[in-house]
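Biologist: I have a model open on my screen and would like to learn how to read it. Could you walk me through it, starting from a single residue?

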Amino acid sequence: MYKIFRGFHLVETYQELKKAKRLAEKKIVSRGIRLAVAIMASLVLWFIPVETFGVMGLTIIEQRLISIFAFATLMWIFEAIPAWTTSVLIVVLLLLTVSDSSLWIFTHNIPVEKLGQTVKYQSIMHCFADPIIMLFIGGFILAIAATKSGLDILLARSMLKPFGTQSRYVLLGFILVTAVFSMFLSNTATAAMMLTFLTPVLKALPADGKGKIGLAMAIPVAANVGGMGTPIGTPPNAIALKYLNDPEGLNLNIGFGEWMAFMLPYTIIILFIAWFILLRLFPFKQKKIELQIEGEAKKDWRSIVVYVTFAITVLLWMSDKFTGVNSNVVAMIPVAVFCVTGVITKRDLEEISWSVLWMVAGGFALGVALQETGLAKHMIEAIPFNTWPPILMVIGSGLICYTMANFISHTATAALLVPILAIAGISMRDNLLPLGGVATLLIGVALGSSLAMVLPISTPPNALAHATGMIQQKDMEKVGLIIGGVGLVLGYSMLVMLGSNGLL
């Protein structure tokens with residue numbers, strides 16, 4: 001997490017609370033049990049006879065991959081160790097057991113036809129430098145530079161000012177401004193920053209009023225929903241986009257601006273629905289609110305460089321189809337400019353959220369292994385996806401994703417489901433056309449992940465808002481379920497309409 005972000009103390013407090021819980025004696029026992037279950041289940045899948053799976057032509061390498069995939073799933077669900085640690089462990093397991101650079105004990109004296117196709121170790125390691133990872137690094141660098149230059153303060157003050165002092169419009173202002181920030185900054189950093197701006201407002205409101213609950217809830221809701229608006233807004237977007245644009249797969253060539261063209265209007269609609277819901281559930285007793293956002297934007301030459309580079313980068317991202325410059329390439333522009341001009345220092349690079357990048361890379365590595373070992377092909381042959389009703393595939397995957405993402409990391413959910421759904425979608429591409437094609441299937445996972453915000457543990461923004469003490473879990477559950485249900489219905493309706501008319 002970025003220590004330079006305003007509101008970082010909220011994130012730090014949240015992490016300390018999590019650490020304290022993990023260190024509790026009963027938690028250690030619980031984690032040990034969960035870890036043991038994950039390991040034992042994986043070992044069973046590793047050592048049982050290949051014939052047990054009932055898949056014709058299944059090789060030893062593919063069996064190992066099934067075991068590793070099961071291990072990843074259980075570890076991400078149980079959270080016996082941090083999610084990003086699981087991702088790194090998965091990459092190492094893949095390198096040592098199913099790659100062409102595996103330990104000799106895993107390949108020695110095993111006939112090639114039984115062992116099966118290994119994965120190029122370069123392919124696995126390339127996942128750490130995938131173009132999507134570069135896109136995220138560019139986003140992180142922009143976010144850090146915006147904070148150092150005071151651009152975030154300038155934007156927050158300027159964007160909130162038009163909403164005046166009426167309580168209902170101040171609430172709308174916080175929703176929309178938080179959403180805009182979360183499209184380009186980390187959702188967690190956005191929530192921490194906006195909660196800092198909100199703290200004096202919450203203290204000024206009547207203690208017995210419900211309005212302060214609505215304001216506190218507005219931050220995580222807007223941060224979660226706003227992230228859907230751009231490919232870099234949240235990792236599940238980037239994961240879905242990687243498989244949609246894979247030249248050797250679907251090759252849909254969806255650009256940054258094209259994603260925003262259909263996701264931004266949808267995001268705005270959901271945000272206004274969220275505003276209406278929060279006003280109805282948590283009406284204000286105080287009709288006016290005075291906002292005081294402290295801090296000033298810097299005016300030195302480096303800050304001017306940040307303002308100009310930020311604007312140019314966003315414009316190039318939104319017009320990538322016209323300029324011909326890929327959005328992943330555009331992401332490297334601020335990295336180069338800020339490093340050369342001294343806006344970003346070595347210390348700033350250390351503040352990049354590398355755990356998020358490693359988490360995403362672990363999911364990519366699983367996807368690469370599924371393809372290169374041939375397990376993906378065998379899954380298509382073994383499971384008759386093309387005989388399934390398309391509506392079951394689309395709605396079922398969305399509901400599964402939404403349910404999982406409420407309990408485990410959104411990134412982990414997407415990393416598990418997107419590779420499998422990409423395989424399934426390709427096998428039944430023709431059947432899915434009336435429902436918008438494979439894009440509906442994969443983008444639906446990104447939607448389901450971002451809309452999962454029922455519990456304090458569902459997302460870091462939820463946890464930060466809950467830590468303010470203004471929100472009870474029942475309030476979060478009520479708002480999360482309503483927005484999640486409405487969002488899924490509208491989201492899939494939009495995807496089906498666009499996809500079936502060839503607009504996606």
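Modeller: Happily! Keep in mind that this is a predicted model. Let us begin with Ser123, which touches Val368 and Glu372 when residues up to four places away in sequence are left out. Ser123 sits in helix H6.

Biologist: Is Ser123 buried or exposed?

Modeller: Ser123 has 16% relative accessibility, and because buried means under 20%, Ser123 counts as buried.

Biologist: Now the empty spaces. How does one find them?

Modeller: Rolling a probe the size of a water molecule over the atoms shows where empty space is left. In this structure, a search of the whole model finds 1 cavity of 30 Å³ or more. The largest cavity has a volume of about 30 Å³.

Biologist: Which residues line the largest cavity?

Modeller: Its lining is made of Leu205, Pro206, Gly209, Lys210, Gly211, Lys212, Phe284, Lys285 and Gln286. By class, that lining divides into 3 nonpolar, 3 polar and 3 charged residues.

Biologist: And how much space lies in the second largest pocket?

Modeller: The second largest pocket holds about 960 Å³. Its lining has 33 residues, and those nearest the centre are Asp130, Lys242, Asn245, Asp246 and Pro247. Among the elements that give two or more residues to this lining are helix H6 (121-126), the home of Ser123, and helix H7 (131-149).

Biologist: Which helix gives the most to that lining?

Modeller: H19 does, with 5 residues. H19 spans 354-373. Sorted by class, the pocket lining has 14 nonpolar, 12 polar and 7 charged residues.

Biologist: What about the nonpolar core? Which residues touch the most other members of the largest one?

Modeller: Trp76 and Leu215 do, in a core of 158 residues. Helix H13 (residues 256-281) supplies the largest share of this core, 13 residues. For a closer look, select Leu215: leaving out residues up to four places away in sequence, its contacts are Leu171, Phe174, Leu198, Val201, Leu202, Leu205, Phe284 and Ile289. Two of these names, Leu205 and Phe284, also appear in the lining of the largest cavity.

Biologist: As a bench person I always check cysteines. How many disulfides are there?

Modeller: A disulfide is a covalent bond between the sulfur atoms of two cysteines. The structure holds 0 disulfides.

Biologist: Are Cys127 and Cys339 buried or partly exposed?

Modeller: Cys127 is buried, because its relative accessibility is 4%. Cys339, with a relative accessible area of 35%, is partly exposed.

Definitions and conventions. Residues are numbered from 1 along each chain as its sequence is written. This is a predicted model: local features need pLDDT of at least 70, side-chain atom pairs count only at pLDDT 80 or more; totals for chains, interfaces and linings use all residues. Side-chain values use heavy atoms; hydrogens and water are left out. On a 1 Å grid over the protein atoms alone, a cavity is a set of points where a 1.4 Å probe fits but cannot get out, and a pocket is an open set with protein on both sides within 12 Å along at least five of seven lines; lining residues have an atom within 4 Å of a point. Grid points are joined across faces, edges and corners, and a volume is the space filled by probe spheres set on the points. Ala, Val, Leu, Ile, Met, Phe, Trp, Tyr, Cys and Pro count as nonpolar, Asp, Glu, Lys and Arg as charged, and the others, Gly among them, as polar. Helices (H or I, at least four residues) and strands (E, at least two) are DSSP runs, numbered from the N terminus. A disulfide is a pair of cysteine sulfur atoms within 2.5 Å. Buried means under 20% relative accessible area, exposed over 50%, partly exposed in between (1.4 Å probe, protein chains only). A nonpolar core is a set of buried Ala, Val, Leu, Ile, Met, Phe, Trp, Tyr and Cys residues joined through side-chain atoms within 4.5 Å. Contact means heavy atoms within 4.5 Å.
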